[in-house]
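Dear colleague,

I am handing over the structure we spoke about, and below it I set out what I found when going through it. Please read the notes with the model open beside them.

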Amino acid sequence: MSGTLFPFSAVVGQDDLRLALLLNAVSPAVGGVLVRGEKGTAKSTAVRALSALLPQVDVVPGCRFSCAPAAPDPACPDGPHEAGAGTARPARMVELPVGASEDRLVGALDIERALSEGVKAFEPGLLADAHRGILYVDEVNLLHDHLIDLLLDAAAMGASYVEREGVSVRHAARFLLVGTMNPEEGELRPQLLDRFGLTVEVAASREPAQRVEVVRRRLAYEDDPAAFAARWAGDEQDVRARVVAARALLPQVRLGDTALLQIAATCAGFEVDGMRADIVMARTATALAAWAGRGEVRKEDVRQAALLALPHRRRRNPFDAPGLDEDRLDEILDQFPDEEPEPDPEPEPEPDGPDGPDDNGGGPDGGGVPPQGGGPDESAAPPPAEPEADAASPADVPESAGAENPGGADAGADAPAQAPVRAAEPFRTKMLSVPGLGEGAAGRRSRARTAHGRTTGAHRPRGQLTKLHLAATVQAAAPHQKARGRSGRGLVVRKDDLRQATREGREGNLVLFVVDASGSMAARQRMSAVKGAVLSLLLDAYQRRDKVGLVTFRGASAELALPPTSSVDAAAARLELLPTGGRTPLAAGLLKAHEVLRIERLRDPSRRPLLVVVTDGRATSAGALGGRAGDTPRALSERSARLLAAEGIASVVVDCESGPVRLGLAAALAADLGGPAVTLDGLRADSLAGLVKNVRTASETPRRAA
């Protein structure tokens, strides 16, 4: 692979992305950029190209923490340094892999030397490497939460702290933080979204001419990277000089009272939580003015800052689409018109900008504020209208409990689907958990052995020591002190004495929803309540960092509507469009769930599943299942449920049956699955007491019986 980077000024389109990156290059205090968008939209290309535009940095020779020679960090682990001449080097761009450990991120302490020699032997991590440069995290939404917390804490404080069993190291860590993510693979929590200064949504252009130019430039770069970079060297130098000039002008930019009122009114008008948005908007507007070569913040700077800093801060739950109503924004800003500016001593020249020799907008816009390319605001769109109820819908008449066709004939199995209904308002649910002790990815649902949590024991480390159990280590070393010739106060510790702490926390699970979409569920009020219940459980899965999947069954078959994913908003979108109608192939739904879980177990054996079956328990169709002669749909569903129970899969049945006469079929299904049944009303947090205990007890009973 060539070491020549694709030039930043050669990136076609993506005005918002390029502007957000350049503003952070001008003022790292803006707080970084989160780039959200589909794959193949030059997210990584633009971020990597930015590093070539940053000015060189002077560093103290031999300092692993890149201290500035003019003002070295007094707490530098390699210090103290005397002020003096340094050496210049390019600003670094450091990439944080998704699978990185905590020690790789913040650095590692040699605990053995610390205990035996009293020496703080510290190996710097990626935060130290990125000091005074760029830290780039691709697929930031796939990082473990505790790593994201460490990363954002360091970015906010400008320093990294490493604590290990009473041994502490601190070093400076100021960097431009850039994260990229594909929302289809899962969202970041709102608290983490808020810690990124700016967020940009990117998408591939739908203009054929622009797409042609993208392909043309990419092919030219791959054919001869050096020659392609040489063609754009002049444009790159122009952008680099403009970044340097904007940095020099930044301290002189005036943020007047009118601009501050515009910022405060905007944040209040859009009901943004906290004060971080106001601060970020102020810094962004100041950087925009400096980038445009002006000495005072204007209304257009505040407007552009709002479009970059507020959309991701307005989300109230993971199913809200990021966005900002631009008409509402203009109404707020028009309440505080700019003061009449003083005449400039000489007219400001119109900069040419770093556009390349083409007509397709290769580089950042010459005015410094590329136009917003977004479409209509999704968050301001009215909700879809509720379809009118049919006067005499067959869905309002429950299926007869005795309508069980043996085996083959499924009259009406392929009845036409009825229009989807909207979900009822979601509510808070109590936790459902998988019994036993797992070892899956960190989360917030079931008990598991994890890298973080309460200490429950100690063992000899297998591989590199990561979490020292100090008491167990001292206890192992104490009997050997005389034989090892201990003479001073220090403890003589050998590698064999070290003990790894065993910790217990919580893991994320795979929550697989199996939803009955047959005619017996299609009564409008009932299906709305069912969708509301599933939506509530999806919100709970989002908060507990689970993967989710969705299986639906109706007519003559079952369908995997959503393969297991970390994107709960994708599951919510599929749920919203779920059609209903036809007979009830319950066995087909359970067997489809069994197949999905079997495949997922091969892909991710450490992630334990929780099966949530949402149904009234009726089985009126055998679907495509043959079965034995004389098998009824009910018998097939019982056998399918027992197959799942025999494999120890934790299950819960949400009983959707309603009306004065209830058949109790969902409870019978729950007994076959070895789990509890809970009604829709009982799923609410205030009436779900004891359900976790019931899940565990019911799941463990078949094992004891076996």
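How many bridges join strand 1 to strand 10, and in which sense do the two run? Before the reply, please bear in mind that this is a predicted model. Strand 1 is joined to strand 10, which spans residues 176–181, by four bridges, and the two strands run parallel. On the pairing with strand 11 (residues 198–202), the sense is again parallel, and here five bridges are found. R36 can serve as a reference point for both pairings, since this residue stands opposite M181 in strand 10 and opposite E201 in strand 11.

Strand 1 itself covers residues 33–37, and five of its five residues are buried, which leaves the strand mostly covered. In a regular strand, side chains alternate between the two faces of the sheet. In strand 1, V33, V35 and G37 point one way while L34 and R36 point the other way, and all of them are buried.

Helix 1, made up of residues 15–26, gives a similar picture of burial: 11 of its 12 residues are buried, so the helix is largely enclosed by the rest of the structure. Among the buried residues are the charged D16 and R18, together with L17, L19 and A20. From the first C-alpha to the last, the helix reaches 16 Å, close to the 16 Å expected for its 12 residues at 1.5 Å a residue.

On the surface, by contrast, V214, V215 and L219 form a nonpolar patch whose accessible area comes to about 250 Å² together. V214 belongs to helix 8, which runs over residues 208–223, and with a relative accessibility of 40% this valine counts as partly exposed.

Turning to charged pairs, side chains of opposite charge can pair when their charged atoms come close. The count for this model comes to 30 salt bridges, and a few of them deserve a description here. The side chains of R170 and D73 meet at 3.1 Å, N to O. Because R170 lies in strand 9 (residues 167–172) and D73 in the loop between strand 2 (57–59) and strand 3 (87–89), this pair ties together parts that are 97 residues apart in sequence. The two partners also differ in their cover, as R170 is partly exposed at 27% relative accessible area, whereas D73 is buried at 12%.

A second salt bridge joins the side chains of R294 and D301 at 2.8 Å, N to O, and both of these residues are buried.

A third is formed by the side chains of E439 and R449, again given as N to O, at 3.1 Å. E439 sits in the loop between helix 14 (326–334) and strand 12 (442–459), while R449 is in strand 12, so that the pair links distant parts of the chain, 10 residues apart. E439 counts as exposed, at 53% relative accessibility, and R449 is partly exposed, with a relative accessible area of 42%. In addition, R445, D540, R544 and D546 are joined into one network by salt bridges that share partners.

Finally, a word on the cysteines: the search of the whole structure finds zero disulfides. C267 counts as buried at 4% relative accessibility, and C656 is likewise buried, with a relative accessible area of 1%.

With best regards

How values were computed. Residues are numbered from 1 along each chain as its sequence is written. This is a predicted model: local features need pLDDT of at least 70, side-chain atom pairs count only at pLDDT 80 or more; totals for chains, interfaces and linings use all residues. Side-chain values use heavy atoms; hydrogens and water are left out. Patches are made of residues with over 30% relative accessible area and no salt bridge: like charges are joined within 9 Å, nonpolar side chains (Val, Leu, Ile, Met, Phe, Trp, Tyr) within 5 Å. Accessible areas come from the Shrake-Rupley method with a 1.4 Å probe; for residues, only the protein chains shown count as cover. A salt bridge is a side-chain nitrogen of Lys or Arg within 4 Å of a carboxyl oxygen of Asp or Glu. Buried means under 20% relative accessible area, exposed over 50%, partly exposed in between (1.4 Å probe, protein chains only). The expected span of a helix is 1.5 Å times one less than its number of residues. A disulfide is a pair of cysteine sulfur atoms within 2.5 Å. Two strands pair if DSSP finds at least two bridges between them.
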